[in-house]
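Please open the structure in your viewer and keep the selection panel at hand, since this tour goes from one selection to the next.

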Amino acid sequence: MKVLNWLDEHLEEAILCVLLAAMTIIMGIQVFSRYCLGSSLSWSEEITRYLFIWSAFLSVSYCTKKRINIRVEQFVSMIPEKVYSYIKVVDDIIRLLIFIYLIPFAYTYFIKAVESGQLSPACGIPMYLIQIAPLTGFILVIIRVAQQLWLEIKEFGNRKPKEEN
């Protein structure tokens with residue numbers, strides 16, 4: 001149970017930290033090789049690009065979990081708390097529907113990559129390992145939005161009506 005709780009809390013964050021560290025190390029080695037050794041690595045930029053693609057799609061799920069959205073705080077602070085609770089539920093439903101809509105497209109994109117058998121030019125990595133990133137990211141977003149929606153709906157049931165004097 002502890003492992004599941006840890007994964008729920010830190011999955012995306014841990015993976016993103018590993019990806020960022022790997023990108024930093026690889027590009028550091030590339031810079032060292034180019035400027036100190038006088039030769040460039042053929043694979044470093046390709047691997048870094050693929051790690052960046054993965055981090056982009058995983059960061060959508062991370063931002064969803066942390067409720068890091070683009071919003072104008074001035075308007076949010078003007079909305080009454082009860083109305084804002086309803087807006088969050090509507091927002092969650094819309095996001096859930098959008099990402100459910102995107103899943104078949106991401107799946108088709110992945111299947112076409114598997115069927116093509118294409119390999120990356122410098123490293124020979126199967127491209128489906130990179131092209132499954134959108135599908136993975138979208139599935140994680142759906143899970144995170146569903147969790148938030150569940151908590152919001154549960155919170156509506158737990159609200160106590162204000163006492164009148």
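Begin by selecting Arg144, which, in this predicted model, has a relative accessibility of 4% and therefore counts as buried, the cut-off being under 20%. Arg144 belongs to helix H6, which covers residues 133-158. Display its side chain and look for two polar contacts: one, at 2.6 Å, reaches the side chain of Asp8, and another, at 3.0 Å, joins it to the side chain of Gln147. If you then show what surrounds Arg144, leaving aside neighbours within four places in sequence, you will find it in contact with Leu7, Asp8, Leu11, Glu12, Ser61, Thr64 and Lys65.

Next, select helix H1, residues 2-37, and follow it to His10, where the helix bends by about 65°. Among the buried residues of H1 are Glu12, Leu16 and Leu19, and further along come Met23, Ile26, Gln30 and Ser33. After H1 comes Gly38, which has a positive phi, near 75°.

Finally, turn to the aromatic rings, for which a search of the whole structure finds four pairs. Select Phe57 and Phe138, which form an edge-to-face pair with 5.9 Å from centre to centre and 80° between the planes. This pair links distant parts of the chain, since Phe57 lies in helix H2 (residues 44-65) and Phe138 in helix H6, 81 residues apart. Colouring by accessibility, you should find Phe138 buried, with a relative accessible area of 13%, whereas Phe57 is partly exposed at 25%. Add Phe99 to the selection, and you have one aromatic cluster formed by Phe57, Phe99 and Phe138.

How values were computed
Residues numbered from 1 in each chain as written. Predicted model: local features only at pLDDT ≥ 70, side-chain atom pairs only at ≥ 80, totals over all residues. Heavy atoms only, no water. Helix = DSSP H or I, 4+ residues; strand = E, 2+ residues; numbered from the N terminus. Buried < 20%, exposed > 50% of the residue type's maximum accessible area, 1.4 Å probe, protein only. Polar contact = N/O pair within 3.5 Å; in protein donor to acceptor, adjacent residues only side chain to side chain. Contact = heavy atoms within 4.5 Å. Bend = angle between axes of the 7 residues up to and from the residue. Phe/Tyr/Trp six-rings, centres within 6.5 Å; stacked < 30°, edge-to-face > 60°.
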